[in-house]
Amino acid sequence: STYIQEPNDKPSEKCGVLNVTKITEHGKKVRKNWTSSWTVLQGFTLLFAKGQGGGTSWFGGSQSKPEFTVDLRGGSVEWASKDKSSKKHVIELKTRQGTELLIQSENDGVITDWYRALQDTISTHAWE
Ligand code: I3S
């Protein structure tokens, strides 16, 4: 896909359905809009597509264009504080471009795996 850039390093790859909302865009607060998104971590890019997911069919199906993508390089990830959301298991992801996202799953095993994967990706600094 033209939307996916492979790093020279061993790419991190992970996918699944997560609940996602932006809370800040270009440094400005935006209204929450929690959406269930098919989420793909590939290299240093996190891609979100609308919809129920539907497993790997997303890649081969008609919805080949991501709803939005996030460049993880230079970003940060942490567990969201209680004032960011009333939901459980919420990750706060900040990008260097001034976008902040909340990422959530009802399943704490699922969200913990994502937290580790995002943290690993960001902390490798392999792009530098
Ligand atoms: O941080 P907020 O404003 O309390 O976020 C809640 C709202 O976005 C709410 O929608 P509206 O107030 O726009 O109708 C959502 O339904 C909630 O899910 C948001 O809070 P949580 O705590 O779920 O992130």
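How many bridges join strand β1 to β3? Eight bridges do so, and the two strands run antiparallel. Strand β1 covers residues 13-25, and β3 covers residues 35-42. One position shows the pairing well. Lys14 stands opposite Leu41 in β3.

Keep in mind that this is a predicted model. Its average pLDDT is 84 along the chain. Of the residues, 76% score at least 70. The model's ipTM is 0.89 and its pTM is 0.82. One stretch calls for caution. Over residues 53-60, pLDDT stays under 50. For that stretch the model has six contacts beyond four places in sequence.

Now return to β3. Six of its eight residues are buried, so the strand is mostly covered by the cut-off of 20 or more other C-beta atoms within 10 Å. Besides β1, strand β3 also pairs with β4, which spans residues 45-50. Six bridges join β3 to β4, again in antiparallel fashion. Here Ser37 has Lys50 in β4 as its bridge partner. The two strands form a hairpin, with two residues between them. In the turn sits Gly43, whose phi is positive, about 65 degrees.

Stay with β4 for a moment. Ala49 is found in this strand. Is Ala49 buried or exposed? Ala49 counts as buried because it has 22 C-beta neighbours inside 10 Å. Follow the chain from Ala49 to Lys28, and the two are 21 residues apart in sequence. In space, their C-alpha atoms are 23 Å apart.

Next, look at the core. The largest nonpolar core has 20 residues. Which of them have the most contacts inside it? They are Ile91, Leu93, Leu101, Ile103, Trp114 and Leu118. Several elements give two or more residues to this core. They are the strands β1, β3 and β4, together with β7 (90-94), β8 (100-104) and the helix α2 (108-124). Trp114 shows how such parts meet. Leaving aside neighbours within four places in sequence, Trp114 is in contact with Leu18, Ile91 and Ile103.

Finally, turn to the ligand. Which residues surround the ligand? Arg31, Lys32 and Trp34 do, along with Ser85, Ser86 and Lys87. By class, this shell has three charged residues, two polar ones and one nonpolar.

Conventions
Residues are numbered from 1 along each chain as its sequence is written. This is a predicted model: local features need pLDDT of at least 70, side-chain atom pairs count only at pLDDT 80 or more; totals for chains, interfaces and linings use all residues. pLDDT is the predictor's confidence in each residue, from 0 to 100. Two residues are in contact if their C-beta atoms, placed from the backbone, lie within 7 Å. A residue is buried if 20 or more other C-beta atoms lie within 10 Å of its own, exposed if 12 or fewer, and partly exposed in between; C-beta atoms are placed from the backbone. Helices (H or I, at least four residues) and strands (E, at least two) are DSSP runs, numbered from the N terminus. Two strands pair if DSSP finds at least two bridges between them. A nonpolar core is a set of buried Ala, Val, Leu, Ile, Met, Phe, Trp, Tyr and Cys residues joined through C-beta atoms within 7 Å. A residue is near a molecule or strand if its C-beta atom, placed from the backbone, lies within 6 Å of it. Ala, Val, Leu, Ile, Met, Phe, Trp, Tyr, Cys and Pro count as nonpolar, Asp, Glu, Lys and Arg as charged, and the others, Gly among them, as polar.
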